[in-house]
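Here is a friendly tour of the model in front of you. Keep the sequence and the 3D view open side by side as you read.

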Amino acid sequence: GSSLSPGVNYTIVMDGAPGPNAPIEVLANPVFAFINSADQKQIIGSVKSIFITGTNVLNVDRAEINVTVGGEICVINPDLVTSTALSCNPPNLAVVNASYSVTVSVGLSLSYSVGSLQYVSNGGGGSTSTGEPFPVAAVGGGVGGGGVLVVVVVAMIVIISVVVYGRSSKRKNAQVASLLMQMESMESAMADECKRAFTELQTDLHDVVSVQDRNYPFRDFQTFAMRFLFPSASDDHIVLKPVQFHKDLEEDPALKQLQIFKHLLLDKKFLLTMIRTLEAQQGRFALQDRCNFASMLMIALQHELPYATDILTALLSDLMRTSASKSHPKLLLRRTESVAEKLLGNWLCFLLFPFILEHAGEPLFILFRAIKSQLEK
């Protein structure tokens, strides 16, 4: 429709239905006139803000006003916008003595050409400090001399880079060649060592295999058990001596007492109580006493291994609970300081003897002889 006039009341009619007759405030369009004459020349390298005069500037939103200098955005200073003027920062264009038109646009329909800006050098307008124009030949020579200097510097940098790269490449190639020679030397030495070791092993194979034709030095169970239970005992240990009884066994009190004690040992509650009581006496029940007691107990229970296993399980449970409450639980089964630990070793000794005799003894002895043969050379 036609343009609206300020100060007049308007009624809005939508689809033939008139709305409320309320006043609508219509403001005049902003008009921009010219640039401040002091800002029409800008010095390259130190561009300053320009001021544009006008009227009704505040009648529109600031975001609708755009200022361009030669098509480049001139950023508006929001703090320096009044109803009669605005300020903006022009782009720093670097073409000497070039003139650029300044245009102010409001929305999509209003556009004002408010003048032009001229960019000059520091001397002002393409002249020297005395006001005379710069000689064109002098300017061209200065630019040409600077170009030659840049070319020379770039050439020197390229030459130095090539020389440094060549030296580093030669150094790296020399290092690689040295490493390859060292690797080949190590490979040759390793191959010679393997051949020599293989020859020695083939030579010694007869010594090791010849052992298989001999009788292996297996110990009988009694000697094996005694060496394990009592390592420092002599051949006349009290355990090996026969027990002297009275001729009339029925009237011998020692035999009766031993039978009673055997029945007590086969009582799980009594045996566990006795072991715990003995171990509670730290000062009197020494480490050697505990080892001897465990060895004696295993000899007494050698024909009752299921019962011995039950007793050992109960003692190990007590030992694990005690070790878990201490500050060093990792030391469990390492020091053999309790009856349970020593009894565990004795129990394994009795159970593993048939396996060692029938299966593991022969290969272990051959391995021992082979290692001994290598160490003696």
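## Strand β10 and its partners

Strand β10 is joined by 9 bridges to strand β11 (residues 110-120), and the two run antiparallel. Strands are DSSP runs of E with at least two residues, helices are runs of H or I with at least four, and both are numbered from the N terminus. Two strands count as paired if DSSP finds at least two bridges between them. Please bear in mind that this is a predicted model, in which local features need pLDDT of at least 70 and side-chain atom pairs count only at pLDDT 80 or more, while totals for chains, interfaces and linings use all residues. Residues are numbered from 1 along each chain as its sequence is written, and side-chain values use heavy atoms, with hydrogens and water left out.

**The mixed sheet**

- In the pairing of β10 with β11, Ser 101 stands opposite Ser 116.
- These strands belong to an open sheet of 5 strands, ordered β4-β11-β10-β6-β7, with mixed pairing.
- At its edges are β4 (41-43) and β7, each of which pairs on one side only.
- Strand β10 (residues 98-106) also pairs with β6, in the antiparallel sense and over 5 bridges.

**A closer look at β6**

- Thr 68 has two partners to look for: Thr 103 stands opposite it in β10, and Ile 73 does so in β7.
- Strand β7 (residues 72-73) and β6 pair over 2 bridges in the antiparallel sense.
- The hairpin of β6 and β7 has 2 residues between the strands, and Gly 70 takes a positive phi near 60° there.
- Which residues of β6 are on its covered face, and which on its uncovered one? Ile 65, Val 67 and Val 69 make up the covered face, whereas Asn 66 and Thr 68 make up the uncovered one.
- In a regular strand the side chains alternate between the two faces of the sheet.

**The antiparallel sheet**

- Another open sheet has 4 strands in the order β3-β5-β9-β8, with antiparallel pairing.
- Its edge strands are β3 (31-35) and β8 (75-76), and each pairs on one side only.
- Strands β5 (residues 50-55) and β9 (residues 85-89) pair over 4 bridges in the antiparallel sense.
- Within that pairing, Ile 50 of β5 stands opposite Cys 88 in β9.

**A surface patch**

- Val 150, Val 154, Val 158 and Val 162 form a nonpolar surface patch with about 340 Å² of accessible area together.
- Such a patch takes residues with over 30% relative accessible area and no salt bridge (a side-chain nitrogen of Lys or Arg within 4 Å of a carboxyl oxygen of Asp or Glu). Nonpolar side chains (Val, Leu, Ile, Met, Phe, Trp, Tyr) are joined within 5 Å, and like charges within 9 Å.
- Val 158 lies in helix α1 (residues 136-209).
- Val 158 counts as partly exposed because its relative accessibility is 47%, between buried (under 20%) and exposed (over 50%), with a 1.4 Å probe and protein chains only.

**Confidence**

- The chain has a mean pLDDT (the predictor's confidence in each residue, from 0 to 100) of 77, and 75% of its residues reach 70 or more.
- Over residues 124-145 the pLDDT is below 50, and this stretch has 14 contacts (heavy atoms within 4.5 Å) beyond near neighbours in sequence.
- Where pLDDT is low, the predicted coordinates should not be read in detail.

**The whole chain**

- The chain has 7 helices and 11 strands.
- Of its 377 residues, 23% are buried.

Key
Accessible areas come from the Shrake-Rupley method with a 1.4 Å probe; for residues, only the protein chains shown count as cover.
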